[in-house]
Amino acid sequence: MDFLAGCIGGAAGVLVGHPFDTVKVRLQVQSVDKPLYRGTFHCFQSIVRQESMLGLYKGIGSPMMGLTFINAIVFGVQGNTMRFLGHDTPTNQFLAGAAAGAIQCVICCPMELAKTRMQMQGTGEKKSSRKLYKNSLDCLARIYKREGLWGVNRGMVTTLIRETPGFGFYFLAYDVLTRNLGCEPDDRYMIPKLLFAGGMAGIASWLSTYPVDVIKSRFQADGVGGVYQYSSIADCVRQSVRREGYMVFTRGLTSTLLRAFPVNAATFATVTLVLMYAREAEGGANDCEPAQPSHHAQIQQQTQASSL
């Protein structure tokens with residue numbers, strides 16, 4: 001039931017946050033010479049006006065499909081790493097989160113490649129006259145047919161650089177916040193505190209690795225239609241900085257931070273409600289009972305992993 005709650009919570013987070021992610025990707029990869037969007041809110045308005053509300057949900061199939069596998073990897077690795085380290089300390093939370101983030105890149109990288117390609121498809125068109133990809137699976141299949149396994153894992157290095165410290169900082173920030181805010185079973189504000197801690201931890205995680213995410217998005221979006229602009233990750237960094245300056249590393253940051261808090265809030269609320277309903281039906285114990293600290297840690301792990 002805990003795993004199911006984590007998956008449902010993660011799905012809720014994807015539904016809430018995907019429109020912000022689409023805006024982020026569009027802003028990150030748009031041409032500096034002929035920009036389509038002036039900023040976050042203009043990008044939102046343009047997508048809705050030109051492509052309808054469904055335009056904001058382009059590529060959602062990929063994160064939805066990868067969610068279960070990513071959760072399974074993150075939960076297992078983070079929990080086993082914490083047991084191996086032996087002590088529940090902020091440092092160990094960071095190390096366990098970093099380990100989980102690194103290993104789940106195996107699923108995350110191809111998933112985000114398909115998501116990015118789907119999000120960029122038919123930009124500015126309500127009904128794209130020529131679709132390269134039918135859906136996320138078709139996208140990956142076509143990339144594999146054209147470029148092989150190397151193409152499907154395009155951007156793996158940048159994903160690894162982003163996810164490893166990103167998950168580490170997320171688990172660290174959430175642990176520090178929940179320790180300082182307190183999570184007492186008789187605290188009437190326990191759930192709002194968890195929501196706040198999750199949202200702020202998500203923001204801290206994104207701020208710690210956002211420049212890498214910009215390069216990852218550009219590198220994965222490159223090659224649509226068979227035309228490549230960047231020969232390597234280093235070349236992508238050089239060209240981006242030369243043409244747009246160092247402010248290029250903040251492209252789409254506003255929509256990312258706007259997305260981080262509600263995604264985590266939706267995930268926390270959903271996980272909590274599912275677990276509370278399940279335990280009430282089974283006559284189980286309270287979600288945050290002191291006699292079951294390991295169970296409370298599981299709730300934290302599930303929500304943390306799904307939120308990213």
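A charge sits over a ring if NZ of Lys or CZ of Arg is within 6 Å of the ring centre and within 35 degrees of the ring normal. The views below come from a predicted model.

**View 1. Arg-154 lies over the face of Phe-219.** The distance from the ring centre is 3.9 Å.

**View 2. Phe-20 and Phe-44 form an aromatic pair.** The structure holds six aromatic pairs. In this one, the ring centres are 5.4 Å apart and the planes meet at 80 degrees, so the pair is edge-to-face. Phe-20 belongs to helix α1 (residues 2-29) and Phe-44 to helix α2 (residues 40-51), so the pair ties together parts 24 residues apart in sequence. Both Phe-20 and Phe-44 are buried.

**View 3. Phe-94 and Phe-169 also pair edge-to-face.** Centre to centre, the rings are 5.2 Å apart, with 75 degrees between the planes. Phe-94 lies in helix α4 (residues 90-103) and Phe-169 in helix α7 (residues 156-181), so this pair ties together parts that are 75 residues apart in sequence. Phe-94 is partly exposed, at 23% relative accessible area. Phe-169 is partly exposed too, at 35%.

**View 4. Asp-21 forms a salt bridge with Lys-115.** Side chains of opposite charge can pair when their charged atoms come close. Here the closest N and O atoms are 2.6 Å apart. Asp-21 lies in helix α1 and Lys-115 in helix α5 (residues 105-120), so the bridge ties together parts 94 residues apart in sequence. Asp-21 and Lys-115 are both buried. The whole structure has 18 salt bridges.

**View 5. A network of salt bridges takes in Asp-21 and Lys-115.** Its other members are Lys-24, Glu-112, Arg-162, Glu-163, Asp-213 and Lys-216. Arg-162 is found in helix α7. Its relative accessible area is 4%, so Arg-162 is buried. A polar contact of 3.1 Å joins the side chains of Arg-162 and Glu-112.

**View 6. Asp-175 and Arg-179 meet in a salt bridge within helix α7.** The N to O distance is 2.6 Å. These residues are four apart in the helix, so about one helical turn separates them. Asp-175 counts as buried, at 4% relative accessibility. Arg-179 counts as partly exposed, at 43%.

**View 7. Asp-235 and Arg-238 form a salt bridge in helix α9 (residues 233-244).** Here the N to O distance is 4.0 Å. The two residues are three apart, so they are separated by about one helical turn. Asp-235 is buried, with a relative accessible area of 13%.

**View 8. Leu-181, Phe-196 and Met-200 make a nonpolar surface patch.** The patch covers about 230 Å². Leu-181 sits in helix α7. It is partly exposed, with a relative accessible area of 32%.

Notes. Residues numbered from 1 in each chain as written. Predicted model: local features only at pLDDT ≥ 70, side-chain atom pairs only at ≥ 80, totals over all residues. Heavy atoms only, no water. Phe/Tyr/Trp six-rings, centres within 6.5 Å; stacked < 30°, edge-to-face > 60°. Buried < 20%, exposed > 50% of the residue type's maximum accessible area, 1.4 Å probe, protein only. Patch = residues over 30% accessible without salt bridge, like charges linked within 9 Å, V, L, I, M, F, W, Y side chains within 5 Å. Areas by Shrake-Rupley, 256 points an atom, 1.4 Å probe, with all protein chains shown as cover. Salt bridge = Lys/Arg side-chain N within 4 Å of Asp/Glu carboxyl O. Polar contact = N/O pair within 3.5 Å; in protein donor to acceptor, adjacent residues only side chain to side chain.
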